[in-house]
Structure formats: structure tokens, C-alpha cells
Amino acid sequence: MKNVIKSVKGTRDFYPDEMAKRQWLVRKLTEASETFGYQMYDGPCLETIDLYAAKSGEELVKEQAFVFNDRGGDPITLRPELTPTLARMVASKQNQLTFPLRWWSFGPFWRYERPQKGRTREFFQWNIDQIGSDSVQADAELLAVAATFLKNVGLNPDQVKLYVNDRQLMDSQLSKIGISAEQKPAMLHLIDRIDKLPSDVWDEKVLAEGLDAEQLKAIRELLENRELWHDSEHMRNLFAMLEVMGVADFVAYEPKIIRGLDYYTGTVFEAQATNGEFRAILGGGHYANLVADVGGSPLPGVGFAMGDVVIMLVLEAYGLIPADLVDPETLFVTVFDQDTLAESIRLASQLRAAGFKVIQAEPEKLAKQFKYADRLGLGKALVLGPEEIEGNTVVVKDLHSIEQVSVNRSQLIEHLRQ
RNA sequence: GUGCCUGUAGCUCAAUGGCAGAGUGCUUCACUGUGGAUGAAGAUGUUGAGGGUUCGACCCCCUCCAGGCACCCCA
């Protein structure tokens, strides 16, 4: 143990147990994506810095991206997010694609930040977008995908909710309060953080932006108004549609949801555990213009991203990750002794040819062989000793129930398929 | 990038500045054709790393590394 070389800070090793969990997660989000007809895509993990510079000013790129020079001296970025890549891919084939696009992706991303609970430097992210539609229906569909996923992994609306807001609604409300266009970005940022800051500190910061006490009061009232969405036709239509889709119980209006990224222009949303214990599980929204910054013609869209870290913490906390992700169908063929080894190997080969997954033991004490099979979590072990070979049978033992039966060799495959 | 907390056997944790331990897990055996139970025996540590103070450091001090928490940011 002493001189094992350390892994890179903020990265994780996926041992088979963890890998099985990750694969399970991928299956769940794949199902949710494909149920709605979304197609899988991916881009490179390496991009030029220019791609991200197009949406400059963001801390995400300037402070958090891994940037290094390649051997030719050109700056290379490990992708910190997928949206710019998506924009580039869409823009460069804009005239050949059939809109609206329904695309999803899952892959690794890197951000150089201080690792802590729910935050690593290398993480996996599910991205899903519908591009080319400006409709309420598109917004509702993405929320429905998210809700479907949450439901499929076993979460219920009491545990997790999708909190939704509308940036245009907030914009007009802030105007009503008399907040200037110059003040708005800072105010939106403060609204986004209201639950993180002590209330007196938050008040101070708002006043420091040049608002008076009356405006402060008005904003606080605004942020407590969960009925505010009735003022927005877009939100009314959205909630009506979510009702029809049968996912409304997973969605709630929340005026404090703003989202950090600047490119969101309409509906914004994030999924959170209702107990407030975890970071946001997923986040997304509607953007008016995906590809203009990378040289395409304006295209609206809506999408969200979900990291693997927080969702797994939430699922772990609620005990929703299946304990037995080991493939129980894998068969274990024991070996009685050196003399019968060839016959065991022959049996294993026949079973593999018939489509079974088979692990072949080596000739050592049967007790050790069974212990090994048990630790791997396997479901069935086959015993082929001199007696069985003599009688042309195989003993099939269920490793969970301890029951074992002797099966005629000719009926073995049929027996195992039951 | 900022502040605070933590780091001892594979894991969970003890040890007032005075011989580094327990539980669990692991290996072997009891069980000569069968795993989880039980019992017996056994192995395992540069106390995260490096330096300092001290007769003596797991313990006190400094630096670094890693993890956790809160900022920042965000999936």
C-alpha cells in the first residue's frame, strides 16, 4: 500500500461495484431519453479554447476549465460542459439537419475546482436538448423527460421536485419594481443565491446595488409568491401541458430559480431534493439562441444537464440503488478434481455456446470454489463429479436458496433457461 | 482561489508526551463431494508525507498531500 501512485485529485476509480451502479444509472437515463425519441450523440472531450471564448466572461471557462498546450503549442481545453460543442456541431451542419433536433449524450467532463461532497473534478454528465423549437411544448417535454427519469429511478415527488421559473416573467416583474436594466443581472444573481446567504447579508447586498428599502421589500414579496406564474401566459400553458402529460406532481413553481448560466432566456428549472440537503440534481432551461456565437443562424432550444455525482448521492440516501447489480445469471461451473477438469471445461463451453455467461472454476477444494462463487454474488453453481459424469447428469445448485437438483445432461440447457 | 475540521491495519475506530490496540474483514484448518453459521490458529502498520521541538512524538509546532464542510462556481 505504501508506494501506490495516487490518482489525480478529484477523480474517481470505478471498481466493478461502482461501475455497475454507473451503468445502471446510464440505463435509466437512456430509457428516459429514448422513450421520448431522443437520439444519442457525442462530441470530442478536447476542444479549442476559442469555442468557449465565444461565450466569454464566464468563470466556468476562465477559472474552472482544464487548459493546456498541445505539443504544437496550441491551447486545448478539456470540455467543462457540452453546450458549446453541441452548438458547434449544429452550426456546422445547420442546413443538413432535420429540426427540431432531439439529442442526448452522456460522457465525462472536467472542471478544476475544489472537490467536496457532490463535486469532483472529473464527472459524468447527461445532456439532453431539443433544438429548433420555441414552443411551450418543447419546454414541457424536457421537464417530462426529467420527471420520467426521476420516476424511473424510484424517486417520488415528496423526495425530489423540478422547480421551474420563467426569466422573462422575472424580468418584467423586476421592471415593475423599478429595477433598471443595468441592475438586473446583479439582482438575478442575488436572487439565485438568496437561500445561501443570511437574510440580513442578502438585504445589505441588495441595497448595495442601489435599490431602496421599498424595492427590497417588493422583491422579497415577489420571491415568496408561489402563485406568480399565473401572471405568465407561458407558465400557465406550461403547467397545463405538464398536467396533461401526467408529470405535474413532479414540478413546482419557484420564483427563486434563476440559474447561473447567461444563455437561458425563458423557462429555467432545476431538480432538487425537497429536504434541501443536496446540491441541484439537474439544471436547464430555454435558450433563444444556441448557435449564433459559433457562427450559425439563430436557433432556439431547451435542454438540461445532470451530473452523476449528486443524483447518486440522493439515490444512495433514499436507498434506491439496487443492491444486487451483479449479474445473477452468470453460471459457475465447479471442478471436482484434475481428472474431471476436461469434462467441466467441455460443459462450460457448451453452455457458453448456448448463450449462457459462464465462469469456469479451477480444480481446488469445492468449499473454496463455492465460497468464491458466493462472494461474486452468483446465482447458480453446477457440480460435475464422477457420479454425475457416470450418470450423465449435472447438479444445479441455487446459491441463494441452497437447494440443489440433479438434472439430466440432455435437459440441462432447458432447465437453466426456466 | 479563501476559511475551518479531519487523516492510526483492507474497513470502522481506540491508545492522558512513555512497549500501536480492538471489532470486523482476510488467510489456513476443523468440514476427506458443497459457500453464508460456529470454533481454533495466523498474517497485516514507515500512525497520510516531510521537517522541527523533546531523553522520548500517533499525540505538540511548521510545510506539503488527500478527504470533509462552508464560500466561490455549478452538474
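User: How many Å apart do the C-alpha centres of domain 1 and domain 2 lie?

Analyst: This is a predicted model, and the domain assignment of chain A gives two parts, with domain 1 covering residues 16-317 and domain 2 covering residues 331-417. When the C-alpha centre of each domain is taken, the separation between domain 1 and domain 2 comes to 52 Å.

User: In what order do the strands of the open sheet with 8 strands stand?

Analyst: The pairing in this sheet is mixed. Strand 1 (39-40) and strand 8 (251-253) each have a single partner strand, so they stand at the edges, and one side of each is left without a neighbour in the sheet. Reading across the open sheet, the order of its strands is 1-5-6-11-10-9-7-8.

User: Which residue in strand 11 stands opposite Ile131?

Analyst: Strand 6 (122-131) and strand 11 (301-307) run antiparallel and are joined by 7 bridges. Within strand 11, the residue that stands opposite Ile131 is Gly301.

User: Is helix 11 largely enclosed or largely open, and which of its residues are buried?

Analyst: Helix 11 spans residues 308-317, and 7 of its 10 residues are buried, so the helix is largely enclosed by the rest of the structure. The cover over these buried residues includes helix 1 (16-35), strand 6, helix 5, strand 7 (160-166) and strand 11. Just after the helix, Gly319 takes a positive phi of about 65°. Helix 11 is thus largely enclosed, and its buried residues are Asp308, Val309, Val310, Ile311, Met312, Val314 and Leu315.

User: Which helix gives the largest share of the largest nonpolar core?

Analyst: The largest nonpolar core has 72 residues, and those with the most contacts inside it are Trp126, Phe149, Leu162 and Trp202. The largest share of this core is 11 residues, and these come from residues 136-152, which form helix 5.

User: How many residues are in the second, separate core?

Analyst: Apart from the largest nonpolar core, with its 72 residues, there is a second one that includes Tyr41, Tyr163, Ile257 and Leu299. The number of residues in this separate core is 22.

User: Which residues is Trp202 in contact with, leaving aside its neighbours within four places in sequence?

Analyst: Trp202 is among the residues with the most contacts inside the largest nonpolar core. With the neighbours within four places in sequence left aside, the residues in contact with Trp202 are Leu190, Ile191, Ile194, Leu197, Leu216, Ile219, Arg220 and Leu223.

User: Which helix gives the most to the surface near RNA strand B?

Analyst: There are 47 residues around RNA strand B, and Lys117, Arg119, Arg193, Arg259 and Leu399 come nearest. Elements that each supply at least two residues of this surface include strand 6, strand 10 (282-287), helix 14 (386-391) and strand 15. The element that gives the most, with 7 residues, spans residues 366-375 and is helix 13.

User: Which residue has an N or O side-chain atom 2.8 Å from a base nitrogen of RNA strand B?

Analyst: Of the RNA strand B atoms within 4 Å of the protein, 54% belong to sugar or phosphate and the rest to bases. A polar side-chain atom of Gln125 lies 2.8 Å from a sugar or linking oxygen, whereas one of Gln404 lies 2.9 Å from a base nitrogen. The residue whose side chain has an N or O atom 2.8 Å from a base nitrogen is Glu388.

User: What is the bridge partner of Val394 in strand 16?

Analyst: Strand 15 (residues 393-398) and strand 16 (residues 404-408) run antiparallel and are joined by 5 bridges. They form a hairpin with 5 residues between them, and Ile402 in the turn has a positive phi of about 70°. In strand 16, the bridge partner of Val394 is Val407.

Note on methods
Residues numbered from 1 in each chain as written. Chains lettered and ligands numbered in written order. Predicted model: local features only at pLDDT ≥ 70, side-chain atom pairs only at ≥ 80, totals over all residues. Heavy atoms only, no water. Domains from an automatic or database assignment. Pairing = 2+ DSSP bridges. Helix = DSSP H or I, 4+ residues; strand = E, 2+ residues; numbered from the N terminus. Core = buried A, V, L, I, M, F, W, Y, C linked by side-chain atoms within 4.5 Å. Buried < 20%, exposed > 50% of the residue type's maximum accessible area, 1.4 Å probe, protein only. Contact = heavy atoms within 4.5 Å. Near = heavy atom within 4 Å. Polar contact = N/O pair within 3.5 Å; in protein donor to acceptor, adjacent residues only side chain to side chain.
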